[in-house]
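Hi everyone, thanks for coming. Today I'd like to talk about the inside of a protein: where it is filled, and where it leaves gaps.

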Amino acid sequence: TKGWNDFNASVDLSAGPYIMQSSTRNQQAILVRNPKWWANPGGPARIETTAVTDSQASVQQLLNKEVPIIAPQADPTVAEQVRAGGDFSVFARGGQTYEHLDFNMARPLFRDHPELRNAVAACVNRQDIVDKLVKGIDPNAKPLGNFMLNPNEADYQDHYVGVGTGDVAKSKKLLEDAGWKLGSDGVYAKDGQRASFSVGHKLVDRRNQTVQLMAGSCKPAGIEMTDAGGAAFNDQQLPAGDFDTALFAWVGSPVKSALTPNYTSKARGGVADYDNYSNPRVDDLLAQSNTELDYQQRLGTLNQADQLMAKDMHSLPLFQLIDFSCSDRAYSPVSYVGSTGGVLWNAFAWTKNQ
């Protein structure tokens with residue numbers, strides 16, 4: 001299998017309308033029409049994709065007509081610039097990927113203190129985060145209330161009603177009822193442990209801003225959050241469980257079996273259970289959901305599992321990420337499907353107005 005470590009034309013395979021002509025890891029890939037494709041040939045004869053990590057740089061390339069299509073991180077500033085730019089289209093719609101804050105259940109601070117997890121969930125203001133970081137992209141965005149189903153999917157149930165509303169009084173009461181005392185430094189403490197922790201995340205502007213908003217809304221509640229963002233967080237610290245809390249996104253799928261390894265305990269095969277969460281009943285329900293042949297029953301089982309996770313509060317859902325792309329109006333139909341190829345999912349159908 002070493003042939004796929006980097007691009008190698010001799011082992012390149014394609015069952016679609018395009019083949020890869022060349023690729024440089026993390027930089028560029030060039031696709032050309034597949035001469036053996038059995039159906040209608042792809043629209044563009046050649047597609048050059050380039051990795052641009054700076055959203056502002058990519059939008060300037062689009063506005064300058066250097067490129068016809070971009071798919072940057074969903075950003076209100078980018079959306080506003082493109083919408084005001086004239087001959088450009090913005091595709092923005094809630095997708096399968098979602099942002100959340102995980103509590104590391106292997107750390108005594110969170111494992112032994114469910115009241116702290118719930119206090120954090122109370123003082124974080126999810127609506128404020130959505131209003132400031134997401135609604136400028138999609139005006140229909142709202143806080144997420146389910147890890148298994150998204151708001152625009154059938155049988156979505158919000159199991160986090162009243163959670164994450166920036167309720168400082170509720171947060172403080174949860175801590176004080178459990179014996180936490182407010183210190184002279186303005187931070188609660190109990191048995192030598194302070195209500196202070198770091199938030200690890202990949203270096204993305206939106207996540208930096210999310211940490212600032214969460215820290216700002218929880219500081220009056222006597223809870224201290226520090227930013228521990230790093231370029232390698234998702235690749236190194238996250239899978240190693242080396243964090244207090246983790247702010248990241250799961251790339252979901254309409255095929256819900258893809259979600260079960262994220263929340264199944266490690267003892268039961270949860271290979272992506274990075275926050276070390278474990279609930280035998282949730283394990284059973286997730287396993288059961290993958291054997292249900294009746295789709296409605298399956299959705300009900302997934303909702304039962306999600307409801308239990310909400311009670312355990314091992315993770316706080318924040319918002320559904322927006323599938324996002326911007327394009328020159330001369331090119332169509334351009335959209336974005338995050339779970340099945342991103343902006344290139346229907347590149348075979350693209351046409352350019354003459």
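I'll start with the packed parts and then move on to the empty ones. Keep in mind that this is a predicted model.

Okay, the packing. In soluble globular proteins, nonpolar side chains tend to be buried together. Here, the largest nonpolar core has 74 residues. Which ones have the most contacts inside that core? They're Leu116, Val120, Val124, Ile223 and Met225. Strand 12 gives this core the most, seven residues. There's also a second, separate core of eight residues, including Tyr18 and Val343.

Let's zoom in on Ile223. Leaving out residues up to four places away in sequence, Ile223 touches Leu116 and Val120, and its other contacts include Phe197, Leu175 and Cys218.

Now the gaps. Rolling a probe the size of a water molecule over the atoms shows where empty space is left. How many cavities of 30 Å³ or more turn up in the whole structure? The search finds two.

The largest has a volume of about 40 Å³. Its lining is made up of seven nonpolar residues and one charged, with no polar ones. Arg206 is on the list, along with Ala74, Leu133, Val134, Ile137, Phe319, Leu321 and Ile322. And strand 12, residues 315-328, is back again: the largest share of that lining, three residues, comes from there.

The second largest cavity holds about 30 Å³ of space. This time the lining has five nonpolar, five polar and one charged residues. Among them are Gln96, Tyr98, Asn146, Phe147 and Lys256.

That's my tour, so over to you!

Technical notes. Residues are numbered from 1 along each chain as its sequence is written. This is a predicted model: local features need pLDDT of at least 70, side-chain atom pairs count only at pLDDT 80 or more; totals for chains, interfaces and linings use all residues. Side-chain values use heavy atoms; hydrogens and water are left out. On a 1 Å grid over the protein atoms alone, a cavity is a set of points where a 1.4 Å probe fits but cannot get out, and a pocket is an open set with protein on both sides within 12 Å along at least five of seven lines; lining residues have an atom within 4 Å of a point. Grid points are joined across faces, edges and corners, and a volume is the space filled by probe spheres set on the points. Helices (H or I, at least four residues) and strands (E, at least two) are DSSP runs, numbered from the N terminus. Ala, Val, Leu, Ile, Met, Phe, Trp, Tyr, Cys and Pro count as nonpolar, Asp, Glu, Lys and Arg as charged, and the others, Gly among them, as polar. A nonpolar core is a set of buried Ala, Val, Leu, Ile, Met, Phe, Trp, Tyr and Cys residues joined through side-chain atoms within 4.5 Å. Buried means under 20% relative accessible area, exposed over 50%, partly exposed in between (1.4 Å probe, protein chains only). Contact means heavy atoms within 4.5 Å.
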